[in-house]
Amino acid sequence: MSHDLKKSCIFAALIKMTTHMKEIFNIKEIFKLIGETTKLLWAPFKRMIDILFTDEDSLISPEGREILSDPKKSEIFFKALKEADQERKQKGSVQLIRKELHFSDGSMTVLI
């Protein structure tokens with residue numbers, strides 16, 4: 001085989017391989033996958049940063065603060081919380097459960 005013919009065959013093979021590689025590894029798809037992977041990796045860190053820099057008092061409603069500051073009311077609330085956890089466990093569910101809390105000064109319906 002002549003030298004020029006060998007070069008032509010090698011060049012044709014490289015072109016065919018490059019074209020095939022472009023089909024397999026579409027550059028746009030690669031960047032799309034990199035972006036999606038980055039988002040998936042970043043999400044847990046972002047949640048952790050949000051939690052660390054969130055003012056705890058802003059997460060609790062005024063009614064919630066009132067319940068937690070009163071020992072009797074907080075006992076009733078935590079009892080309802082345990083009951084809701086047991087219900088979810090029995091049902092194999094993660095749904096919120098509606099509980100009616102009865103205090104000496106009134107009642108309140110909460111989703112736990």
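# Asking what the labels mean

User: Why is Arg88 called buried?

Analyst: Arg88 has a relative accessible area of 15%. Buried means under 20%, exposed means over 50%, and partly exposed lies in between (1.4 Å probe, protein chains only). The 15% of Arg88 is under the cut-off, so Arg88 is buried. One thing to know early on: this is a predicted model, where local features need pLDDT of at least 70 and side-chain atom pairs count only at pLDDT 80 or more, while totals for chains, interfaces and linings use all residues. Residues are numbered from 1 along each chain as its sequence is written, and side-chain values use heavy atoms, with hydrogens and water left out.

User: What makes Arg88 and Asp85 a salt bridge?

Analyst: A salt bridge is a side-chain nitrogen of Lys or Arg within 4 Å of a carboxyl oxygen of Asp or Glu. Here the closest N and O atoms are 2.7 Å apart, so the pair passes the test. Both residues sit in helix α5, three residues apart, about one turn of the helix. Asp85, at 40% relative accessibility, counts as partly exposed. Elsewhere, salt bridges that share partners tie Glu66, Lys73 and Asp105 into one network.

User: How do you know that Lys73 and Glu66 are paired?

Analyst: Their closest N and O atoms are 2.7 Å apart, and that is within the limit, so this is a salt bridge too. Lys73 counts as buried because its relative accessibility is 8%. Glu66 is at 42%, so Glu66 is partly exposed. In total, the structure holds five salt bridges.

User: What makes Lys99 and Glu83 a link between distant parts of the chain?

Analyst: Lys99 forms a salt bridge with Glu83, with the closest N and O atoms 3.3 Å apart. Lys99 is in strand β1 and Glu83 is in helix α5, 16 residues apart. Lys99 is buried at 12%, whereas Glu83, at 33%, counts as partly exposed.

User: How many helices and strands are there, and how are they called?

Analyst: There are five helices and two strands, in the order α-α-α-α-α-β-β along the sequence. The names come from DSSP runs: H or I of at least four residues for a helix, E of at least two for a strand, numbered from the N terminus.

User: Why are β1 and β2 called paired strands?

Analyst: Two strands pair if DSSP finds at least two bridges between them. Six bridges join β1 to β2 (residues 106-111), and the strands run antiparallel, so they qualify. A hairpin of two residues connects them, and Phe103 stands opposite Gly106 in β2.

User: Which side chains of β1 point to which face?

Analyst: Lys99, Leu101 and Phe103 point to one face and are buried, while Arg98, Glu100 and His102 point to the other and are not. That's a familiar pattern, because in a regular strand the side chains alternate between the two faces of the sheet.

User: What makes the largest nonpolar core a core?

Analyst: Such a core is a set of buried Ala, Val, Leu, Ile, Met, Phe, Trp, Tyr and Cys residues joined through side-chain atoms within 4.5 Å. The largest has eight residues: Ile67, Ala80, Ala84, Ile97, Leu101, Phe103, Val110 and Ile112. Helix α5 (71-91) and strand β1 (98-103) each supply at least two of them.

User: What does Val110 touch?

Analyst: Contact means heavy atoms within 4.5 Å. Not counting residues up to four places away in sequence, Val110 touches Ile97, Arg98, Lys99 and Leu101. Leu111, in strand β2, is in contact with Leu96, Ile97 and Arg98, again leaving aside neighbours within four places.

User: Is Phe53 buried or exposed?

Analyst: Phe53 is at 70% relative accessibility, so Phe53 counts as exposed. You'll find Phe53 in the loop between α2 (27-52) and α3 (56-59).

User: What makes the nonpolar surface patch a patch?

Analyst: Patch residues have over 30% relative accessible area and no salt bridge; like charges are joined within 9 Å, and nonpolar side chains (Val, Leu, Ile, Met, Phe, Trp, Tyr) within 5 Å. This patch is made by Trp42, Phe45, Met48, Ile49, Leu52 and Phe53, and comes to about 710 Å². Phe53, at 70%, fits the "over 30%" part, because 70% lies above that cut-off.

Key. Areas by Shrake-Rupley, 256 points an atom, 1.4 Å probe, with all protein chains shown as cover.
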